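Please load the model into your viewer and keep the selection panel at hand, since this tour moves from one selection to the next.

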Amino acid sequence: MTAVIDVHELTRRFGRFTAVDAISFDVKAGEVFGFLGANGAGKTTAIRMLIGLLTPTSGRASVAGFDVLTRAEDVRRRIGYMSQRFSLYQDLTVRENITLYGGIYGLSDAEIRGRGEALIEELELGHASLERVAALPLGWKQKLAFAVALLHRPAVVFLDEPTSGVDPITRRQFWEMIYAAAARGTTVFVTTHYLDEAEYCDRVSIMVDGRIGALGTPDELKRKYGDATLEEVFVRLARPAA
Amino acid sequence: MRALRFLLRKEFLQIFRDHVILGMLFVMPLGQLLILANAATFEVRSARLYVVDHDHTPMSRGLTDRLAASGRFVPTAASPSPARADQAMLARQTDAILVIPTGFERELVRQRRAEVQFILNAEDGAAAGVLQSYAGRIFAAYSAELSAQVTPTLASIGARVDLPPRRGEPIIEIRRRGWYNPELDYLDFMVPGILVVLVTVVGTLLTAMNIVREKEAGTLDQLNVTPIRRSTFVAAKLIPLWSLALLDLALGLALAHFAFGVPVRGSLALVFVAAAIYLLAALGIGLWISTIAETQQQAMFVTFSIVMIYLLMSGLFTPVRGMPVWAQWAAQLNPVTHFIRLMRAVLLKGAGPAEVAPQLAMLAVIGAVVLTLAVRQYRKRAA
Amino acid sequence: MNTTALAAFMTKEVRHILRDRQTLTILLLLPLAMVVLFGYALRSDVNEVRLALVDPAPDYATAALRGRFAGNARFRIVATPETMAKLEPLFRRGDVDVAIVFEPGFAARLAEGTPARLLLVGDASDPNTGSTMQAYATAVIAGYQAELGSAGAGVQIVSRTRMRYNPTLESVNLFVPGLIALVLTLVSALMTAISLSREKERGTLEVLLVSPLRPWQIILGKVLPYLLLAFANVVTALLAAWVVFRVPFRGSLALLLVASMLYSMVSLALGVLVAAVTTSQRAAMIGALVGTMLPNELLSGMIFPISSMPDWLRPVTAVIPARWFIVIARGIMLKGVGLEYLWQAHLVLVLMLAVFLALAIRSFKPRLA
């Protein structure tokens, strides 16, 4: 399998502070890749460089086969992104948000209609499709944001803490959506705080102080550190930093 | 282009759903225009006159009467005490004091020349200057009127008499014309200017706030990870507010014409061509503010400062040519200066494209520079 | 109630202000910059009149008059078109302020004693400047006429005009009080409104409201640091006015400072009120910006005299706090009067303060039932 995300010595400094310190890793096509780390470990900075919102200080990275620095527009066409904060338009309706993003990614009117209907049906949002997004409960909003990020069938989708603040049932549904997307061949790059969720990933990396402290499948990591759960691995790695 | 269509639809939907923005676009500027236009005037209404008449003669009373008859002065108090008149002025109870000394009539008759003292409260500046020139004209007119009467009186007293005015006295007759605004109506002059400022405030502020708001909400990041082009994004942000600001201007002009009677002597098409260019500059400044401000508070603050400088340095309230040279140069860089000048020239004087070409050219240059800078400043990716 | 809590709260507010260096610098420098910038730039009078002369048949008299205008520092002859028709484009372009059109045979008529006529055209689109310039030109012509003939024919009432309190009609003397009012509005009303509504939006205000602090203590804590800032602004603005422009201070400086603080408090209370009644930061900002800027400049008497406004509008200006502050500041600085003449204006400000504060405190009562 080829690497969909290929990161080499990627570094970002803010003044004298090094937020991301020469990290290297790759993510294979169709993988669900968990990107873990304590608050302030540099996860969000790393994601922002990969999706072209922040210029790296040094190192290089390619996403979907294109360099993020020189071919940013080619990258953008092939990725989806869902941020920590809910960032669809609250004052537009569900349908209007879908149409907007479909249009931005260059889908035809027929595609927008077809995929939009399917999406609304899948999320069981039929009753609320003409309501403004602001009126939806948080869990629905998150699922909607994820579905919209997948609307243009991107090669990679970046999810930045998609399930924070969401109830356990919705979280489970969310992960079902993630698996469904992976099964359709979309690579999923997800950051999370919930270590039980990390167990669902094909591979995880744990960032500590801007570096990658550990990388492998959940089982490999547990074996390597002799812990029963990923949570113990995480605490073991993150503690010296605290 | 296709993406632009979808983005434009989104922007219009958002604007028309936001009551605060709609109020700001339409109610606020037009409401303020209706009220504030009436405030912006240097016209002097009747000034309160305190008369200190030490002479008590027909001529001294005649002088007071002429001042009163002009309608510009209303004698509201009289006393023989200059000190009390002074106090009245300190207490803002009177605007002008006329002191007629003893022997006023006698001097006029004997010396053909008499002095009075005229004191104006210059606390309000502009008004005092205007009152001074009104009073000057009234004094001159009364002098002329007396000239006819005084000679016979002289003869009857038997004093040293000049011959009656000899024929062939050189006379210059001045006919005055105040072109473009013979009634000296301040509304004609101020309404177009105030309208420009209101439209500018609204356009600049809304553009800046609109983008910064998306920054704060995180939706800007979401747009920045999509493949839309910078130019598409900027066009989608500017076109709706640009067209609404033009609509605002049209409504304001209609109000100016029908409610305030501001004349439209030149071509409206010319005004709107200029407005279209001008608004690009005004909104471009809003766009530039939004690239440097992280929060709506900062955007507001910067806009406030810039617009205040805009306003006071544009020749709207005080003439640009009264400013020191460096400030006149600064005013040349201010798009408001050129647009206000153009509006006044076209509406009041009926100026055509050739006559306002310099303003149009400056607007185009400023607009192009501002927009280019703002678009270059806008980055999808943080450095 | 406890004073330690209040002190702690106030310390927090001061930290907020001090931490945002950028805003603080702007807040401290802006007033200075504004007074200097506008003090130089705002002039309601134009010193140079651009003159066009249309003299189709020049003779000694028109030449003499032209010479008088050419020699007058106030006038600059910018054009001498042959016909009146060519005047129009000059005016339209805004290149000419006043034009004089001589009737042919000017000198001959003067000699005959029949009226020699000339037309004095002014650009009256700006009525104030237009009529002032016409008056200047009339004075020059009258001077020539007086020189020509014995002025003894008629009687003459000579008025010695005195411009009390501002003999040279210096614009900066009039604008400084208004500029101070504008700065104080910006710092006091706008900044408090924004800062309070931000706390409201972020929910931190609720935390304060459920604390043992009373509403008035919260408001006091919010407002006091800004009051200090406003005091610093007044002092720098006055210093700039005095050092750079030599604006007179004829009355009591202490009273001026007291009045400035009173006015700041009114603005602060207004800011608190705006934040209390609006629901979002954006609405608060728009309310504060739009509601204060233009009305403060136009309805306060800063630029346009209130006595010039229409009858119905004059009472409206009474609700603008800046209007009263300008009366006080001009009274103290230019007229040198004290409370004996200014007590009403002070009283109005005190009343406004009381009303705004009462309303603001009421609307901040904890409503977390």
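Into which domains is chain B divided? Bear in mind throughout that this is a predicted model, and begin by colouring residues 2-40 together with 186-377 of chain B, which make up domain 1, and then residues 47-157, which make up domain 2. With both domains of chain B coloured, place a marker at the centre of each, taken over C-alpha atoms, and the separation between the two centres is 49 Å.

Next, select the contact between chain A and chain B, to which chain A contributes 24 residues and chain B contributes 24 residues. On the chain A side, the elements that supply two or more residues are helix 2 (72-77), strand 6 (79-82) and helix 3 (94-104), and helix 3 of chain A gives the most, with 5 residues. If you colour this side of chain A by residue class, you will find 11 nonpolar, 7 polar and 6 charged residues.

Now return to chain B and select strand 3 (residues 96-100) along with strand 4 (residues 113-121), which run antiparallel and are joined by 4 bridges. Within this pairing, show V99(B) and look across to strand 4 of chain B, where Q117(B) stands opposite.

Keep strand 4 of chain B selected and add strand 5 (residues 156-164) of chain C, for here the pairing crosses between chains, with 9 bridges joining the two strands, which run parallel. To finish, display A114(B) and its bridge partner in strand 5 of chain C, which is I157(C).

Key: Residues numbered from 1 in each chain as written. Chains lettered and ligands numbered in written order. Predicted model: local features only at pLDDT ≥ 70, side-chain atom pairs only at ≥ 80, totals over all residues. Domains from an automatic or database assignment. Contact = placed C-beta atoms within 7 Å. Nonpolar A, V, L, I, M, F, W, Y, C, P; charged D, E, K, R; others polar. Pairing = 2+ DSSP bridges.
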